[in-house]
Amino acid sequence: MKVLLLHAWPLSERMWTSQITALRNQGFEPVAPHLYGRGHSIDDWAAELLREVYGPVVAVGASMGGYCALALARRAPERVLGLALVSSRADADSWDRRKEREMQIADLRDGRVPEDAEPDVLLEHLAKAQEAIRDRLDLTGVVASFGGPVLVCVGDQDELVSVDESRELASKALEGRLEVFEGAGHFPSLEQPVRFNEVLLEFLERWKS
């Protein structure tokens, strides 16, 4: 079974190193694409990934990657068997959040490197990714109508996505589950990789061949 690992902003696919090893050891086929430079919208990214990756997948998305996972489920629900949304949300940006992103985009184009950014990721690619995130669709309805299981993960110290928001997101799914990582911030897969891998592998158990 292919497990599509979709990375967060401003990180890269290297954030999934621990998960790739754990998944391979359990007989899964992890695929961790580089999301930057793929197009103007997250829907464009999803369309390109569906052309690149053959067959059914379980999509695991962290923050920005979660938006892409939902776009995949919207475009091809028959190919996405399950969703794991990590420190992510399904709704669109509020007006205030859009304005914050616009300031961030301006900073990036002025050469300011964000904290946690990968050293080899172009600032322009990060800026374009922020534009895609800013303009993404509200895909709450995708969560509500999705036929497979949905795992929602969040750190209780996350300053961007709250536990309450994540609980509400999980409750919208037909088969939703919330996992809270105590003491973790926005990147629980990096901050608590051992526990995160345990949770992810438990979620994936139904597809283990």
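Which residue stands opposite Val57 in β3? In this predicted model, the residue facing Val57 is Lys2. That pairing is a handy way into the structure, so let us start with the strand around Val57.

**Strand β3 and its neighbours**

Strand β3 covers residues 57-62, and six of its six residues are buried. Both of its faces are covered. On one side sit Val57, Ala59 and Gly61, and on the other Val58, Val60 and Ala62, all of them buried.

β3 has a parallel partner in strand β1 (residues 2-6), to which five bridges join it. Strand β4 (residues 80-86) also runs parallel to β3, and here the two are joined by six bridges. If you would like to find this second pairing on screen, look for Val58, whose bridge partner in β4 is Gly82.

How do β3 and β4 connect, and what is the handedness of the unit they make with helix α3? Together with helix α3 (residues 64-75), the two strands make a right-handed β-α-β unit.

**A cavity beside familiar residues**

Rolling a probe the size of a water molecule over the atoms shows where empty space is left. Here the count comes to one cavity of 30 Å³ or more, and the largest cavity holds about 40 Å³ of space. Val57 turns up again in its lining, along with Leu4, Leu49, Leu50, Val53, Leu72, Arg79 and Val80. By class, that lining has seven nonpolar residues, no polar ones and one charged residue.

**Backbone details worth a look**

Most residues other than glycine have a negative phi, and most peptide bonds are trans. Against that background, a few places in the loops stand out. The peptide bond from Trp9 to Pro10 is cis, with omega near 5°, and Pro10 lies in the loop between β1 and α1 (17-25).

Two residues other than glycine have a positive phi, Ser63 and Asp116. The table sets them side by side.

| Residue | Phi | Loop | Relative accessibility |
|---|---|---|---|
| Ser63 | about 50° | between β3 and α3 | 11% |
| Asp116 | near 80° | between α4 (95-109) and α5 (123-134) | 45% |

Is Ser63 buried or exposed? Ser63 counts as buried because its relative accessibility is 11%, under the 20% cut-off. Asp116, by contrast, is partly exposed because its relative accessible area of 45% falls between the 20% and 50% limits. Ser63 also brings us back to the opening strand, as its loop lies between β3 and α3, two elements of the right-handed unit.

Technical notes
Residues numbered from 1 in each chain as written. Predicted model: local features only at pLDDT ≥ 70, side-chain atom pairs only at ≥ 80, totals over all residues. Heavy atoms only, no water. Buried < 20%, exposed > 50% of the residue type's maximum accessible area, 1.4 Å probe, protein only. Helix = DSSP H or I, 4+ residues; strand = E, 2+ residues; numbered from the N terminus. Pairing = 2+ DSSP bridges. Right-handed = clockwise from strand over helix to strand, strands pointing away. 1 Å grid on protein atoms, 1.4 Å probe; cavity = no way out; pocket = protein on both sides within 12 Å on 5 of 7 lines; lining within 4 Å. Points joined across faces, edges and corners; volume = space filled by probe spheres on them. Nonpolar A, V, L, I, M, F, W, Y, C, P; charged D, E, K, R; others polar.
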